[in-house]
Amino acid sequence: MKKRLMNNFGLKLLSLGIAIVFWFVIANTQDPVETKTVKDVPVKMLNEEKVQEREKILEVISGDTVDVVVEGRKSVLDQLTEADIEATADLTEVSFMDTVLIKATVPSKPDVTVLNNGENVMKLLFDDYVTKRFSFQVETVGEPMAGYYVGDALPSPNIIQISGAKTVLDKINKVVLNVDVSGRSVDFATTAIPVVYDMNGDEIASSKLTMQLDSDAVTVNVPILASKDMHIRVVTVGEVEEGYELLTENIDFQPETVRVAGSKEDLDKLGYFLELEVDVTGQTGTIEKNIQISSVLDDTLASLRVVDTQMVAVKVNIIPYEEREVSIPVSEIEIRNVGEGLTAGILTMTDVSAKVRYKAAREPLITIEYLNPYVDLSGLTEGTYRVPLGMELPSKVVWDEVIELDIVINKQ
């Protein structure tokens, strides 16, 4: 038997070697060794209790997932999934730069090798754990039924206590409760889940925060008020300075209408206009001011409130009178109150030039007929005098010059 086994032993050994080579070639042809990248494998943190010992809160800056490169037979890798890979970061091995090496293994498939171990790290932030209180802001979505307005919604509770990393809580700008008011016409209560936003308006993930609430949602009571659009009317009180014109037909204001909300009973007591007053007493120039609309609402109508806009911008135009130089022939000047037994005459030979100022609408009256020029000789006797010119002016016409004429009075 032994002789038969050893017979042609070299040839048999060669055949075995050839068979092994053929098997290896076939195996690598039909089921070759390949590499594969499995993306976004979650990284599990080990020994998290070490963070609690430091009385800090841990935030992962980067490295909460990792791409793992593996090598193995094609038939094995084809079946490999993210669930087969275990990626861990041991918090007992945190470096002085607050990083920890990520290690990956494939426990269920020992023939698979991880090629990129030691190339990925988890970046950590160890922060103070703080607690702050924030008031809720209720923001509405949609529009109520036409003719209605959303009043001040009241959340219950109205303050929330939030805990977490100091750097995260320092970024909080507001805590919002979103309430849908679409088509509403009566008061209602609903619930809303708090949403936290930073200064940029970006939402802060709730996973980074601990909110102390009795339940996941907050009750919000929403009043729905009747509303009414009111037209604005601007009136003036007082008189502008003499010599200036108030352009009553050219008073500018915006907005021209405002919305008032409140109980239907109080709204029914309002008229068609809200009247705003501007005092122009003694003014010599254009007035521009903002008027608080609520100041003209009747205090007895307690439920009423102005919504959308609170101020009306008003511009009251006041301009100087127009001016014209009028030439008055001496012959048109009346001589009044000449003493008994006396005669009088004007020695000035040239026409008198007088500057009058007037409201634009009075321009047709700027004639000698309506200006009524005269000199008054009351109490004067025989002789030569310089007497001031007078005029009986129509209203809204001003003349404030002093013009003197040479007068002679003789006995008859």
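Reader: Is Asn47 buried, exposed or partly exposed in this predicted model?
Author: This is a predicted model. Asn47 lies in the loop between β1 (33–46) and α3 (49–53). Its relative accessible area is 30%, and the partly exposed class runs between 20% and 50%. Asn47 is therefore partly exposed.

Reader: What is the phi of Asn47?
Author: Asn47 is a residue other than glycine, yet its phi is positive. The value is near 60°.

Reader: Which loop holds Asn372, and what is the phi there?
Author: Asn372 is found between α7 (368–371) and β30 (373–376). With a relative accessible area of 29%, Asn372 is partly exposed. Asn372 is not a glycine, but its phi is positive, at about 50°.

Reader: Why does Asp84 count as buried?
Author: Asp84 is placed in the loop between α4 (74–77) and β4 (86–90). A residue is buried when its relative accessible area is under 20%. Asp84 counts as buried because its relative accessibility is 18%.

Reader: Which residues are in contact with Asp84, leaving aside its neighbours within four places in sequence?
Author: On the side of lower numbering, the backbone nitrogen of Thr81 lies 2.9 Å from a polar atom of the Asp84 side chain. Thr81 falls among the neighbours left aside here. With those excluded, the contacts of Asp84 are Gln79, Thr105, Val106, Pro107, Ser108 and Lys109.

Reader: How many Å separate the C-alpha atoms of Asp84 and Glu288?
Author: Along the chain, Asp84 and Glu288 are 204 residues apart. The separation of their C-alpha atoms is 76 Å.

Reader: Is Thr88 buried or exposed, and which residues does it contact?
Author: Thr88 lies in strand β4. Its relative accessible area is 13%, so Thr88 is buried. Leaving aside neighbours within four places in sequence, its contacts are Val43, Lys44, Leu46, Leu101, Ile102 and Lys103.

Reader: Which strands pair with β8 (residues 129–141), and in which sense?
Author: β8 is joined by seven bridges to β11 (residues 159–165), with Ile162 of β11 as the bridge partner of Lys132. Six bridges join β8 to β12 (residues 172–180), where Val175 is the bridge partner of Phe136. The pairing is antiparallel with β11 and parallel with β12.

Reader: Which strand pairs with β17 in the parallel sense?
Author: β17 (residues 224–237) pairs with β9 (residues 148–150) over three antiparallel bridges, and Ile224 is the bridge partner of Val150. Six bridges join β17 to β20 (residues 257–262), again antiparallel, with Ala226 opposite Gly262. Seven bridges in the parallel sense, with Thr236 opposite Val278, link β17 to β21 (residues 273–279).

Reader: What is the strand order of the open sheet that includes β34, and what is its average twist?
Author: Three strands form this open sheet, and their pairing is antiparallel. β28 (342–346) and β31 (383–388) are the edge strands, each pairing on one side only. The order is β28-β34-β31, and the twist from one strand to the next averages 30°.

Reader: How many bridges join β31 to β34?
Author: β31 and β34 (residues 404–411) run antiparallel. Pro388 has Glu404 of β34 as its bridge partner. The number of bridges joining these strands is six.

Reader: Which peptide bonds ending in Pro157 and Pro255 are cis or trans?
Author: Pro157 is found in the loop between β10 (154–156) and β11, and the bond from Ser156 to Pro157 has omega near 0°. Pro255 is placed in the loop between β19 (252–254) and β20, and the bond joining Gln254 and Pro255 has omega of about -5°. The bond from Ser156 to Pro157 is cis, and the bond joining Gln254 and Pro255 is cis.

Reader: How many aromatic pairs are there, and what is the geometry?
Author: The count comes to one aromatic pair. The ring centres of Tyr272 and Phe273 are 5.0 Å apart and their planes stand at 85°. Tyr272 is exposed at 54% relative accessible area, whereas Phe273 is partly exposed at 35%. Planes over 60 degrees apart count as edge-to-face, so the pair is edge-to-face.

Reader: Where does Arg336 lie, and at what distance from the ring centre?
Author: Arg336 lies over the face of Tyr374. Its distance from the ring centre is 4.0 Å.

Definitions and conventions: Residues numbered from 1 in each chain as written. Predicted model: local features only at pLDDT ≥ 70, side-chain atom pairs only at ≥ 80, totals over all residues. Heavy atoms only, no water. Helix = DSSP H or I, 4+ residues; strand = E, 2+ residues; numbered from the N terminus. Buried < 20%, exposed > 50% of the residue type's maximum accessible area, 1.4 Å probe, protein only. Contact = heavy atoms within 4.5 Å. Polar contact = N/O pair within 3.5 Å; in protein donor to acceptor, adjacent residues only side chain to side chain. Phe/Tyr/Trp six-rings, centres within 6.5 Å; stacked < 30°, edge-to-face > 60°. Lys NZ or Arg CZ within 6 Å of the ring centre and 35° of its normal. Pairing = 2+ DSSP bridges. Axes fitted to C-alpha atoms, helices over the stretch in contact; angles between N-to-C directions.
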